[in-house]
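Reader: I have a model open and would like to talk through its packing and its empty spaces. Could we go over it together?

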Amino acid sequence: MRKYYLHILLIILGTVMYFMANFLRISIPGTIFETLQNNLSLTASETTAFGAYFMYAYAVSLLVSGILIDKFGGIKVILFGGLIFALGALIFPMSSNLWVLYFARICLGAGSATFYLGLVQEIKKCFPDRYLSVLVSVVLFVGYFGGVCANAPLAHIIEYHSWRTIFGVLGYFALFAALLFGLTKIFLPSPPKRENVHFNLEPFKEVLTNKNNLNMFAFTAINYGLCYVVQTVIGVKFLQDFAQMSHNEASLILSCMIVIVGISGVIMSIINKNTGAYVIFLKTISVISAVVFFGIMFFVLFNLRTPFVSIFIFLLATTAGISPILANFIYSTNKPEIRSCAMSIMNSIFFFAIGILGSIAGFVLDLFETTTNAQGHTIYGTDSYLALFSLFAFLTIFEMLFAFKLKEKI
């Protein structure tokens with residue numbers, strides 16, 4: 001009985017680290033874009049790279065973490081990932097060297113990729129199957145709450161404390177959580193290593209030669225890439241520069257965006273369960289995405305500097321709640337033996353897409369002339385945002401093309 005509660009404690013500690021992973025993923029550079037840029041004297045490209053390096057490391061780690069979890073168990077992999085994560089969390093607020101900061105973000109991304117998959121496996125081991133969906137939903141809710149806290153609450157706190165102090169405290173807390181996780185693990189017997197689990201390229205080949213999968217991956221990459229580059233990289237900065245909102249107001253909008261993502265995911269899951277339709281949802285989402293980015297482009301083109309542009313941010317949030325539908329779509333259109341592989345590839349691709357689009361966003365913003373406000377923050381003008389959102393709107397055309405090629409067949 002005692003060891004059962006140790007297992008539950010490990011799941012709780014892993015969930016705490018998952019909360020922190022979401023907090024650090026969304027807050028840097030998103031919420032503190034201006035603070036980092038001004039404090040470290042960075043260009044937009046250098047600032048958006050904080051998000052890109054995290055996403056690249058996260059994407060690569062996702063491809064291998066599933067196999068490592070199957071072979072060594074979720075607890076061991078979470079511990080390994082937690083220590084790497086804590087290393088990155090400690091290094092980031094202590095350095096001013098750009099490449100050291102990028103290394104810290106790589107550590108954060110690589111470590112973060114182990115938490116969710118590892119937690120799902122350990123929940124399956126520890127609880128009856130009838131509780132699995134509920135408990136996984138709790139873990140996801142905690143993760144979403146980390147994103148909510150990374151916006152408006154962080155924006156308020158950072159008015160009174162330096163970003164180095166705040167993130168330094170978080171770094172030490174991450175280390176404490178990882179060490180406590182490791183200490184607790186000592187008293188829990190380790191499962192035997194599964195020698196029959198090996199890395200095999202055949203499932204990857206089968207997944208990537210399926211045209212329906214390729215269309216779905218391309219649609220997903222654009223859909224998630226555009227949504228999350230707004231959420232984690234440029235959303236707060238855009239609302240401050242163009243809509244002339246305060247930092248706290250812009251951060252509150254992004255906190256609400258994450259809440260909407262969570263709610264839309266639940267609603268779509270329920271509707272999808274009752275209708276059994278997949279493709280119609282994905283096609284609708286692609287159209288909504290196009291409406292959002294063409295709408296923002298319209299506002300920027302006609303210099304409509306109003307907080308009402310945030311309506312498009314809220315509408316965009318509804319397009320990110322399709323994870324349950326995508327999972328069902330993969331399960332219905334792929335053979336059982338390659339479904340997990342298809343899921344890992346899809347997740348990896350859309351995190352790569354977020355990183356790439358974040359880097360592109362920084363590059364585009366740096367192409368045009370900027371101004372400086374009274375606080376010394378760099379302000380990007382209408383030309384910068386018109387070019388950026390015109391590009392994003394153009395990409396949604398391809399998103400619709402790929403979505404309308406999808407077929408509901410195995």
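Reader: Leaving aside neighbours within four places in sequence, which residues is Phe392 in contact with?

Author: Bear in mind that this is a predicted model. Once its neighbours within four places in sequence are set aside, Phe392 is in contact with Leu226, Val229, Ile234, Phe293 and Leu357.

Reader: And which residues have the most contacts inside the largest nonpolar core?

Author: Phe392 belongs to that group, together with Phe50, Phe167, Phe238, Leu239 and Phe293, and the core they sit in has 126 residues.

Reader: Which helix gives the most to this core?

Author: That is helix 11, which covers residues 211-241 and contributes 15 residues to the core.

Reader: Switching to empty space, how many cavities of 30 Å³ or more are there?

Author: The count comes to 1 cavity of 30 Å³ or more, and the volume of the largest cavity is about 40 Å³.

Reader: What lines the largest cavity?

Author: Its lining is made up of Leu24, Ile28, Ala89, Phe92, Pro93, Leu108, Phe167, Leu170 and Gly171, of which, by class, 8 are nonpolar and 1 is polar, with no charged residues. Phe167 therefore appears in this lining as well as among the residues with the most contacts inside the largest nonpolar core, where a core is by definition a set of buried residues joined through side-chain atoms within 4.5 Å.

Reader: Which helices supply at least two residues each to that lining?

Author: Helix 1 and helix 9, the latter spanning 163-186, each do so, and helix 9 gives the most, with 3 residues.

Reader: What about the second largest pocket, what is its volume?

Author: The second largest pocket has a volume of about 270 Å³. It is lined by 16 residues, and those closest to its centre are Glu34, Thr35, Gln240, His247 and His377. Helix 2 (33-40) and helix 12 (247-275) are the elements that give two or more residues to this lining.

Reader: How do the lining residues of that pocket divide by class?

Author: They divide into 4 nonpolar, 10 polar and 2 charged residues.

Reader: Back to helix 1 and one of its residues, Leu9. Is Leu9 buried or exposed?

Author: Leu9, in the helix made of residues 2-31, is partly exposed, because its relative accessible area of 33% falls between the 20% limit for buried and the 50% limit for exposed.

Reader: How far apart are Leu9 and Thr184 in space?

Author: Their C-alpha atoms are 7.9 Å apart, although the two are 175 residues apart in sequence.

How values were computed. Residues are numbered from 1 along each chain as its sequence is written. This is a predicted model: local features need pLDDT of at least 70, side-chain atom pairs count only at pLDDT 80 or more; totals for chains, interfaces and linings use all residues. Side-chain values use heavy atoms; hydrogens and water are left out. Helices (H or I, at least four residues) and strands (E, at least two) are DSSP runs, numbered from the N terminus. Buried means under 20% relative accessible area, exposed over 50%, partly exposed in between (1.4 Å probe, protein chains only). On a 1 Å grid over the protein atoms alone, a cavity is a set of points where a 1.4 Å probe fits but cannot get out, and a pocket is an open set with protein on both sides within 12 Å along at least five of seven lines; lining residues have an atom within 4 Å of a point. Grid points are joined across faces, edges and corners, and a volume is the space filled by probe spheres set on the points. Ala, Val, Leu, Ile, Met, Phe, Trp, Tyr, Cys and Pro count as nonpolar, Asp, Glu, Lys and Arg as charged, and the others, Gly among them, as polar. Contact means heavy atoms within 4.5 Å.
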